[in-house]
Amino acid sequence: MTVHVTPRPAIAARRFTLATDLDGTFLGGSQEARRVLYDWIEANRDTVGLIFVTGRDPEFIMEMCREEGLPWPEYVVGDVGTTIAHVRDDGHVEPIPELEADIAACWSDRGDLVRATLEGVSGLTLQPTAFRYRVSYDLKPETYDAAAERLVEELGLDWLISDNRYFDVLPKGISKGPSIKRLISHLGIPEARVLCAGDTMNDLSMLVSGLNAVAVGNSETALTQRLHGHESVYHARSAGASGILEAIHALDLHDAPKGV
């Protein structure tokens with residue numbers, strides 16, 4: 001982690017902000033490509049903002065940053081869009097109440113109801129983490145019973161399958177796309193200065209949100225199929241971190257090193 005002893009410009013004043021998924025995207029590609037991207041971000045913090053938009057929970061994200069030396073995000077849209085938070089300089093994650101109020105209201109403390117409803121559904125294994133505004137399962141595709149989707153819809157909630165191995169139950173209308181747009185508006189960041197990056201189906205709403213977007217080269221087939229016809233989405237040839245750098249060049253968002 002790089003500790004900044006002098007204040008950086010407000011994120012809204014910077015030339016470019018990267019809003020990126022983690023697994024397979026920011027953490028994807030070769031070790032060399034990741035190091036090039038991470039070093040470039042750290043060297044250009046006065047003009048580059050960083051937001052993680054991920055299915056991971058914020059505490060796990062920050063522990064990963066500490067252990068693996070990732071660049072420190074300034075904001076996190078976590079838990080598949082159900083957490084919107086500021087990251088303090090000491091790494092503590094602070095949810096932003098005014099941005100999460102609608103999420104909490106839509107969820108209406110229905111975690112126990114979801115778990116009871118989906119108990120015993122074939123192909124779903126409950127994840128042990130007690131998320132605030134979602135319930136998540138590991139999915140086994142060969143035994144998965146799609147009746148789970150109807151059961152969730154009958155509760156007035158949304159379901160999401162990503163990478164053909166995760167099943168998330170979310171508040172109605174809440175996902176990465178609406179949440180990152182809400183955060184960007186709250187911070188006053190011009191939309192034209194933002195690049196969203198992803199690789200799986202839980203990134204779909206973010207990539208088609210109208211913001212600049214890249215589906216990195218290793219994106220899952222289900223995602224690339226759903227992106228067909230969305231002209232605003234850049235499809236990178238390179239995987240992971242290198243695909244992000246490729247898109248920054250292609251869309252002329254900031255001077256950056258070539259992807260490797």
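## Sheets, cores and aromatic pairs

An open sheet is formed by eight strands in the order 5-4-3-2-1-10-11-12, with mixed pairing. Its edge strands are strand 5 (93-95) and strand 12 (233-235), each of which pairs on one side only. From one strand to the next, the twist averages 25 degrees. The model described here is predicted.

At one edge of this sheet, strand 4 (residues 83-87) and strand 5 pair in the antiparallel sense over three bridges, and His86 stands opposite Glu94 in strand 5. Helix 4 (residues 97-107) packs on the sheet and touches both strand 4 and strand 5. The direction of helix 4 makes about 165 degrees with that of strand 4.

Further pairing involves strand 7 (residues 135-139), which is mostly covered, four of its five residues being buried. Strand 6 (residues 124-126) runs antiparallel to strand 7 and is joined to it by three bridges; here Leu126 stands opposite Tyr137. Four bridges join strand 7 to strand 9 (residues 166-170), again in the antiparallel sense, and Asp138 has Tyr166 of strand 9 as its bridge partner.

The largest nonpolar core has 44 residues, of which Val114, Leu118, Leu124, Phe167, Val169, Ile180 and Leu183 touch the most other members. Helix 7 (residues 176-187) supplies the largest share of this core, four residues. Leaving aside residues up to four places away in sequence, Leu183 touches Ile51, Tyr75, Val77, Ile84, Ile96 and Leu99. A second, separate core comprises 36 residues, including Cys65, Ala197, Val216 and Ala256. In soluble globular proteins, nonpolar side chains tend to be buried together.

The structure holds six aromatic pairs. Two of them are set out below.

| Ring pair | Centre distance | Angle between planes | Class |
|---|---|---|---|
| Phe26 and Phe52 | 5.3 Å | 55 degrees | tilted |
| Trp159 and Phe167 | 6.3 Å | 0 degrees | stacked |

Phe26 lies in helix 1 (residues 22-26) and Phe52 in strand 2 (residues 48-53), so their pair ties together parts that are 26 residues apart in sequence. Phe26 is buried, at 0% relative accessibility, and Phe52 is likewise buried at 0%. In the stacked pair, Trp159 is partly exposed with a relative accessible area of 29%, whereas Phe167 is buried with 0%. Trp159 and Phe167 also belong to a cluster that ring pairs form with Tyr137 and Tyr144.

A charge also meets an aromatic ring: the charged end of Arg134 sits over the ring of Phe131, 3.6 Å from its centre.

Technical notes:
Residues numbered from 1 in each chain as written. Predicted model: local features only at pLDDT ≥ 70, side-chain atom pairs only at ≥ 80, totals over all residues. Heavy atoms only, no water. Buried < 20%, exposed > 50% of the residue type's maximum accessible area, 1.4 Å probe, protein only. Helix = DSSP H or I, 4+ residues; strand = E, 2+ residues; numbered from the N terminus. Pairing = 2+ DSSP bridges. Axes fitted to C-alpha atoms, helices over the stretch in contact; angles between N-to-C directions. Contact = heavy atoms within 4.5 Å. Core = buried A, V, L, I, M, F, W, Y, C linked by side-chain atoms within 4.5 Å. Phe/Tyr/Trp six-rings, centres within 6.5 Å; stacked < 30°, edge-to-face > 60°. Lys NZ or Arg CZ within 6 Å of the ring centre and 35° of its normal.
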